[in-house]
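Visitor: Hi! Could you walk me through this structure?
Guide: Happy to, let's put it on screen.

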Amino acid sequence: MQTRQLGRSGVRVSVIGIGTNRFGKKVDQAGVNTIIDTALDLGVNFIDTADVYGTGQSEELLGVALGGKRDRVVLATKVYMEMGDGPNDRGASRYHIMNGLEDSLRRLQTDHIDLYQIHRWDADTPIEETMRTLDDLVSAGKVRYIGASAFAAWQLTKANLLAEFHHWEPFVTIQSHYNMLERHLEHEVIPYCAEHGVGVIPYFPLAGGFLTGKYREGQPAPAGSRGEDNARVQGYMTPQNYAILENLIAWAEARDHIMVDLAQAWLLAQPAMASVISGVTRVEQLQQNVKAAEWSLTPEEAAEVTAILDAK
Ligand SMILES: NC(=O)c1ccc[n+]([C@@H]2O[C@H](COP(=O)([O-])OP(=O)(O)OC[C@H]3O[C@@H](n4cnc5c(N)ncnc54)[C@H](OP(=O)(O)O)[C@@H]3O)[C@@H](O)[C@H]2O)c1
């Protein structure tokens, strides 16, 4: 398994990681255990979760699955989303981050988080308060690196310039919505990250499964798949997107690959990408997804694929 540096930090992560937002909702403890054991066998060391996934369930299941194996992974979680009814049960205040971290550590059965991410920009909390708190957590050894999620380029710039000015820890990564059909990140965030050494972790990298090629125009969604009832995935099922998908599948198959390889290999060919955290609900999906790490698109190939996407 290829690895890359997590932004400008020294730590290395597998180019294919695991997204866990269905753990608890769709994957039970036995399933999570198998996925994690298989991931480690396959050289996958980067796992992304969040306190809010299943309101703590994803972290709890991972905590059990990682028993005795915690030091073999780079474990990322997030804070910000609403975790209770109280006025301070959400946000990026010092109060909520400190409490949220302790809750995540308990659920994950660990004494530190490798990458602690602020899930969303908090317009109500001064960013100085958030950055200073995160710096304190790194100094205390409870957090190793910090990341942002779904920040605009100006927000990331402001946060990291403040950190530089005050000698606080900067965000080493940003996790944001990015895939072949969702490319707004290319306007400002990716150029900023490429220039400043911030690693990009694309979320929703397979468009919730649409970019695996398992949904075909005019056919019902496969039984048990997310596309059966998920409005976001169904939103991708337009004639225009199906037409692009057919062209992409043909391009991949002409090179003895399948669509799921191409969706991830194309992401990895874009500037500043750190790791592609494809979500998995079954171990077979993980086994298939990691194969993308063996396919490095040349710049010319990546440009050809981008031209297919641009043709829409
Ligand atoms: N920071 C944020 O705000 C944010 C937001 C969203 C997600 N995330 C993170 O990003 C991760 C990935 O996003 P995501 O899971 O929502 O979407 P995704 O990675 O685009 O799609 C994952 C889904 O595609 C299907 N799939 C995966 N591999 C497959 C394969 N080889 N063959 C067929 N189907 C396959 C599975 O769905 P089914 O089996 O159910 O069909 C799986 O749940 C999340 O798990 C989470 O960690 C972060």
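**Around the ligand**

Guide: Let's begin at the ligand: helix α10 (residues 283–289) gives the most to the shell around the ligand, contributing 3 residues. Keep in mind that this is a predicted model.

Visitor: Okay, and how many residues surround the ligand in total?

Guide: There are 29 of them, and the closest are Gly-19, Leu-206, Gly-209, Ser-225 and Gly-279.

Visitor: How does that shell divide into nonpolar, polar and charged?

Guide: The shell around the ligand has 16 polar residues, 9 nonpolar and 4 charged.

Visitor: Let's zoom out. How many helices and strands does the protein chain have?

Guide: The chain has 11 helices and 9 strands. Its radius of gyration is 19 Å, close to the 20 Å that the globule rule gives for 312 residues, so the chain is as compact as a globular protein of that length. Along the principal axes, the C-alpha atoms fill a box of roughly 50 × 40 × 35 Å.

Visitor: What's the strand order in the open sheet?

Guide: This sheet of 7 strands runs β3-β4-β5-β6-β7-β8-β9, with parallel pairing. At the edges stand β3 (18–19) and β9 (199–203); each has a single partner strand, so one side of each is left without a neighbour in the sheet.

Visitor: And which helix packs on the sheet, touching β6 and β7?

Guide: That's helix α4 (residues 127–139), which touches β6 (113–118) and β7 (143–149). The direction of α4 makes about 155 degrees with that of β7.

Visitor: Back to pairing for a sec: how many bridges join β4 and β5?

Guide: Strand β4 (residues 46–48) and strand β5 (residues 74–79) pair in the parallel sense over 3 bridges. For instance, Asp-48 has Ala-76 in β5 as its bridge partner.

Visitor: Now helix packing. At what angle do α8 and α9 cross?

Guide: The axes of α8 (residues 239–253) and α9 (residues 259–268) cross at roughly 95 degrees and come within 9 Å. That crossing makes α8 roughly perpendicular to α9.

Visitor: Who makes the contact there?

Guide: From α8 you have Leu-248, Ile-249, Trp-251 and Ala-252, and from α9 Met-259, Asp-261 and Leu-262. By class, that contact has 6 nonpolar residues, no polar and 1 charged.

Visitor: And how do α2 and α3 cross?

Guide: Helix α2 (residues 57–65) and helix α3 (residues 94–108) have axes that come within 7 Å and cross at roughly 45 degrees, and the two are therefore oblique to each other. Glu-59, Glu-60, Leu-62 and Gly-63 of α2 meet Ser-104, Arg-107 and Leu-108 of α3. The residues of this contact divide into 3 charged, 2 polar and 2 nonpolar.

Terms used
Residues numbered from 1 in each chain as written. Predicted model: local features only at pLDDT ≥ 70, side-chain atom pairs only at ≥ 80, totals over all residues. Axes fitted to C-alpha atoms, helices over the stretch in contact; angles between N-to-C directions. Helix = DSSP H or I, 4+ residues; strand = E, 2+ residues; numbered from the N terminus. Parallel < 35°, antiparallel > 145°, perpendicular 65-115°, else oblique. Contact = placed C-beta atoms within 7 Å. Nonpolar A, V, L, I, M, F, W, Y, C, P; charged D, E, K, R; others polar. Near = placed C-beta within 6 Å. Pairing = 2+ DSSP bridges. Rg over C-alpha atoms; globule rule 2.2 N^0.38 Å.
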